[in-house]
Amino acid sequence: MSLHRGPGADGARSPRLSVNPFLQEAFPAAATAEVPPRHRIPDAPIAPETAYQIVHDELMLDGNSRLNLATFVTTWMEPQAARLMGECRDKNMIDKDEYPRTAELERRCVSMLSALWNAPVDHGVGCSTTGSSEACMLAGMALKRRWAKRNADRYPAARPNLVMGVNVQVCWDKFCNFWEVEPRLVPMEGNRFHLDPQAAADLCDENTIGVVAVLGSTFDGSYEPVADVCAALDALQERTGLDVPVHVDGASGAMVAPFLDPDLVWDFRLPRVSSINTSGHKYGLVYPGVGWALWRTHDDLPEDLVFRVNYLGGDMPTFALNFSRPGAQVAAQYYTFLRLGREGFRAVQQSARNVARSLAERIDALGDFTLLTRGDELPVFAFTTTDPNGPFDVFDVSRRMRERGWLIPAYTFPPHREDLSVLRVVCRNGFSADLADLLMEDLRTLLPELRAQSAPLDRPRSVATAFHH
Ligand SMILES: *Cc1c(COP(=O)(O)O)cnc(C)c1O
């Protein structure tokens with residue numbers, strides 16, 4: 001029997017759908033008088049065009065990703081990359097046997113990143129993941145396992161802890177929760193919105209599995225001082241004998257700093273840096289979701305965490321939370337490396353930084369706002385209203401810009417700066433100088449109305465949630 005239940009297919013009309021044959025070809029969804037159920041699987045099939053139209057129409061109400069200045073995640077790729085991903089959509093990353101070339105591209109990407117981050121080993125130690133969150137889980141697990149081995153006499157009675165700034169991305173809260181590690185958070189203080197090296201060292205003890213340094217912070221786009229964190233931990237080791245490894249969460253910055261700030265020493269050149277993660281789908285310039293986790297040497301990744309899968313009669317090590325996952329993103333990551341080269345990456349990231357800097361400068365010049373960062377580390381900046389008692393606040397700005405299609409999140413800072421609320425703009429590949437001009441135009445148009453308010457409107461109950469990206 002044909003699955004097509006419209007008139008003319010097998011003569012039988014679906015009992016649930018009455019179809020207007022004149023509309024069906026031009027606009028299939030309009031042709032069906034009855035809407036299929038939304039919360040249970042319908043009893044009968046419908047025509048593929050009709051199903052397509054229904055889902056397509058519903059998705060039209062999603063935002064326009066190019067106007068989304070909240071997310072760090074890639075929203076534009078070249079058509080060739082999209083074509084390649086389409087060709088690979090049936091490839092399963094775990095089937096190393098069936099897709100040995102995809103597995104090879106993954107290995108090459110690990111090798112390229114390992115060289116980019118100056119690891120002391122040939123070809124690198126690491127893997128692709130679904131994103132930085134999974135990569136951070138894997139890196140955290142390696143830190144915890146290494147600590148447990150070093151402390152076999154005391155573990156599991158002792159409770160492991162992880163030291164990091166209060167500004168870390170939510171994936172670290174998840175890691176600590178899921179793997180029962182105590183989070184030790186260094187609060188913000190005054191105009192310091194990220195990790196303080198000495199404060200981090202002061203929180204370390206014999207149960208510290210590691211310190212996380214973020215390059216750069218999702219709150220304001222600033223780089224944490226990785227080298228200073230390592231130096232403070234070197235001093236701690238000299239004083240106490242404690243040898244605490246550092247993980248760098250380079251979800252965004254590990255794909256920016258190597259190209260734009262080659263003199264900044266934050267990576268495996270620092271002997272204390274034992275692992276690094278990045279999101280291939282952020283400044284790695286690939287559609288979601290792909291991430292990377294790399295370790296300094298084989299000693300930094302405990303062998304007993306690695307599983308072996310059959311691979312062309314031999315065996316292939318894997319370290320992952322998922323089993324099956326798409327291979328297309330890995331092919332696309334290899335494509336971006338090949339296509340852009342180091343020079344191309346530098347050019348793309350530089351233009352994002354140029355757009356961010358110029359936008360930050362123009363917003364600064366308006367006088368209504370005070371910048372926390374200027375877009376000169378990540379191509380990201382945060383700003384707040386200059387007058388805390390003024391007629392409008394950051395939430396008003398976010399809401400009013402939303403009316404014009406712009407998604408600019410406003411949110412309140414964590415301890416000890418809960419008094420501070422900011423707006424944050426993330427500039428990415430595809431957010432052109434042209435679009436930035438349009439954004440400025442809209443902001444300038446809105447300002448007289450905002451200044452004319454008698455007071456800020458009530459704060460939205462739930463603040464924009466997208467900023468964690
Ligand atoms: C985005 C981000 C993450 C989470 O990465 P996903 O790829 O979205 O899972 C972790 N840490 C930092 C610093 C981030 O910016």
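**Figure 1. Seven strands of this predicted model line up in an open, mixed sheet.** Reading across the sheet, the strand order is 1-7-6-5-4-2-3. Strand 1 and strand 3 (182-186) sit at the edges with a single partner strand each, so one side of each has no neighbour in the sheet. On average, and ignoring direction, neighbouring strands here are turned by 20° against each other.

**Figure 2. A closer look at strand 5 beside strand 6.** Strand 5 (residues 246-249) and strand 6 (residues 273-279) run parallel and are joined by 4 bridges. To find your way in, start at Val246, whose bridge partner in strand 6 is Val273.

**Figure 3. Helix 5 and helix 7 both pack on the seven-stranded sheet.** Helix 5 touches strand 1 and strand 7 (291-295), and its direction makes about 60° with that of strand 7. Helix 7 (residues 170-178) touches strand 2 (161-165), strand 3, strand 4 (208-214) and strand 5. The direction of helix 7 makes about 165° with that of strand 2.

**Figure 4. The largest pocket holds about 550 Å³ of space.** Of its 27 lining residues, Gly126, Cys127, Met316, Pro317 and Thr318 come closest to the centre. Which elements give two or more residues to this lining? They are helix 5 (100-116), strand 1 (125-129) and strand 9 (314-318). You may recognise helix 5 and strand 1 from the views above, where helix 5 touches strand 1. By residue type, the lining divides into 13 nonpolar, 8 polar and 6 charged.

**Figure 5. Four strands make an open sheet with antiparallel pairing.** The order in this sheet is 10-11-13-12, and strand 10 and strand 12 (410-412) are the edge strands, each pairing on one side only. Neighbouring strands are turned by 40° against each other on average, direction ignored. Strand 12 is joined to strand 13 (residues 421-426) by 3 bridges, and Tyr411 stands opposite Val422 in strand 13.

**Figure 6. Helix 11 and helix 12 meet the strands of the four-stranded sheet.** Helix 11 (residues 328-365) packs on the sheet, touching strand 10, strand 11 and strand 13. The direction of helix 11 makes about 10° with that of strand 11. Helix 12 (residues 394-403) lies across strand 10, strand 11, strand 12 and strand 13, at about 40° to strand 13.

**Figure 7. Phe369 and Phe383 form an edge-to-face aromatic pair.** The whole structure contains 15 aromatic pairs. In the one shown here, Phe369 and Phe383 are 5.2 Å apart centre to centre, with 85° between the planes. Phe369 belongs to strand 10 (residues 369-371) and Phe383 to strand 11 (residues 380-385), 14 residues apart.

Definitions and conventions:
Residues are numbered from 1 along each chain as its sequence is written. This is a predicted model: local features need pLDDT of at least 70, side-chain atom pairs count only at pLDDT 80 or more; totals for chains, interfaces and linings use all residues. Side-chain values use heavy atoms; hydrogens and water are left out. On a 1 Å grid over the protein atoms alone, a cavity is a set of points where a 1.4 Å probe fits but cannot get out, and a pocket is an open set with protein on both sides within 12 Å along at least five of seven lines; lining residues have an atom within 4 Å of a point. Grid points are joined across faces, edges and corners, and a volume is the space filled by probe spheres set on the points. Ala, Val, Leu, Ile, Met, Phe, Trp, Tyr, Cys and Pro count as nonpolar, Asp, Glu, Lys and Arg as charged, and the others, Gly among them, as polar. Two strands pair if DSSP finds at least two bridges between them. Axes are lines fitted to C-alpha atoms, for helices over the stretch in contact, and angles run from 0 to 180 degrees between N-to-C directions. Contact means heavy atoms within 4.5 Å. Rings of Phe, Tyr and Trp (its six-membered ring) pair if their centres lie within 6.5 Å; planes under 30 degrees apart count as stacked, over 60 as edge-to-face and the rest as tilted.
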